[in-house]
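The following exercises concern one protein chain and one of its pockets. Please work through each task before reading its solution.

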Amino acid sequence: MANVMKLVKSDLVELRKKCDLICLGSKSSTIRRDDFRIAMAELRLIGDDAEIIDHLFSMFDDKGRNEVDYKLFLAGISPLASLDDVADRVLFAFRLYDIDNLERLTKVEVYEILHAMVDTAAYFGDPVIKTEQVKEITDDIFNLSASRNKSDGTIEYLKYDKMIASHPICVKFVSGLGTERFHC
């Protein structure tokens with residue numbers, strides 16, 4: 001879908017900055033649909049791209065409250081703005097999520113980001129991997145991390161994006177060889 005959309009990385013970076021400002025005082029990364037639409041309009045994200053993003057917003061709004069965690073949402077849809085290799089796509093998703101620029105993510109955060117990327121692919125009917133396989137990628141990376149250094153429960157994602165991208169399950173997914181059509 002990235003080859004069809006006009007959305008580019010800089011659009012998502014600017015959209016994240018707008019969302020950061022909107023949510024500044026709330027100590028939350030939850031944004032309401034109306035506020036998100038305003039942010040998109042201010043950046044002149046309109047037309048088909050805006051419509052697709054709005055549909056994806058609905059998908060990510062799993063509680064039906066017209067709100068999403070914008071960090072996770074933007075990380076999940078980030079592959080739509082990139083034709084880069086897989087490692088760069090993963091790194092870009094991690095950077096969008098990491099609003100504090102700590103360059104560290106927890107196991108839960110890595111899992112959620114990868115899962116969100118899979119969900120976005122599933123939305124378009126692409127073959128995807130199972131939830132258990134996303135967990136396996138995450139477990140493998142964190143097990144490797146723990147064996148290499150003293151772990152505080154996070155990874156320095158700049159060191160692991162290429163390992164994630166070259167993980168056999170991830171390679172299978174991005175090659176269109178996932179076994180699932182709709183993510184469970």
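**Exercise 1.** Determine which residues of α6 are buried, and examine the span of this helix.

*Solution.* Step 1: in this predicted model, a residue is taken as buried when its relative accessible area is under 20%. Step 2: by that criterion, the buried residues of α6 are Val110, Ile113, Leu114, His115, Ala116, Met117, Val118, Thr120, Ala121 and Ala122. Step 3: α6 has 17 residues, so at 1.5 Å a residue a span of 24 Å is expected; the C-alpha atoms at its ends lie 24 Å apart, in agreement. Step 4: just after α6, Gly125 adopts a positive phi of about 80°.

**Exercise 2.** Establish which elements line the second largest pocket, and describe the character of the lining.

*Solution.* Step 1: the volume of this pocket is about 440 Å³. Step 2: its lining comprises 16 residues, with Phe60, Asp61, Asp62, Asp69 and Leu72 nearest the centre. Step 3: at least two lining residues come from each of α3 (47-60), β2 (67-69), α4 (70-77) and α6 (107-123). Step 4: α6 provides the largest share, four residues. Step 5: by class, the lining holds eight charged, six nonpolar and two polar residues.

**Exercise 3.** Compare the radius of gyration of the protein chain with that of a compact globule.

*Solution.* Step 1: the chain has 184 residues, so a compact globule would have a radius of gyration near 16 Å. Step 2: the value for the protein chain is 16 Å, which agrees. Step 3: of the 184 residues, 46% are buried. Step 4: among contacts with a separation of 6 or more, 71% join residues 24 or more positions apart.

Technical notes: Residues numbered from 1 in each chain as written. Predicted model: local features only at pLDDT ≥ 70, side-chain atom pairs only at ≥ 80, totals over all residues. Heavy atoms only, no water. 1 Å grid on protein atoms, 1.4 Å probe; cavity = no way out; pocket = protein on both sides within 12 Å on 5 of 7 lines; lining within 4 Å. Points joined across faces, edges and corners; volume = space filled by probe spheres on them. Nonpolar A, V, L, I, M, F, W, Y, C, P; charged D, E, K, R; others polar. Expected span 1.5 Å × (residues − 1). Buried < 20%, exposed > 50% of the residue type's maximum accessible area, 1.4 Å probe, protein only. Rg over C-alpha atoms; globule rule 2.2 N^0.38 Å. Contact = heavy atoms within 4.5 Å.
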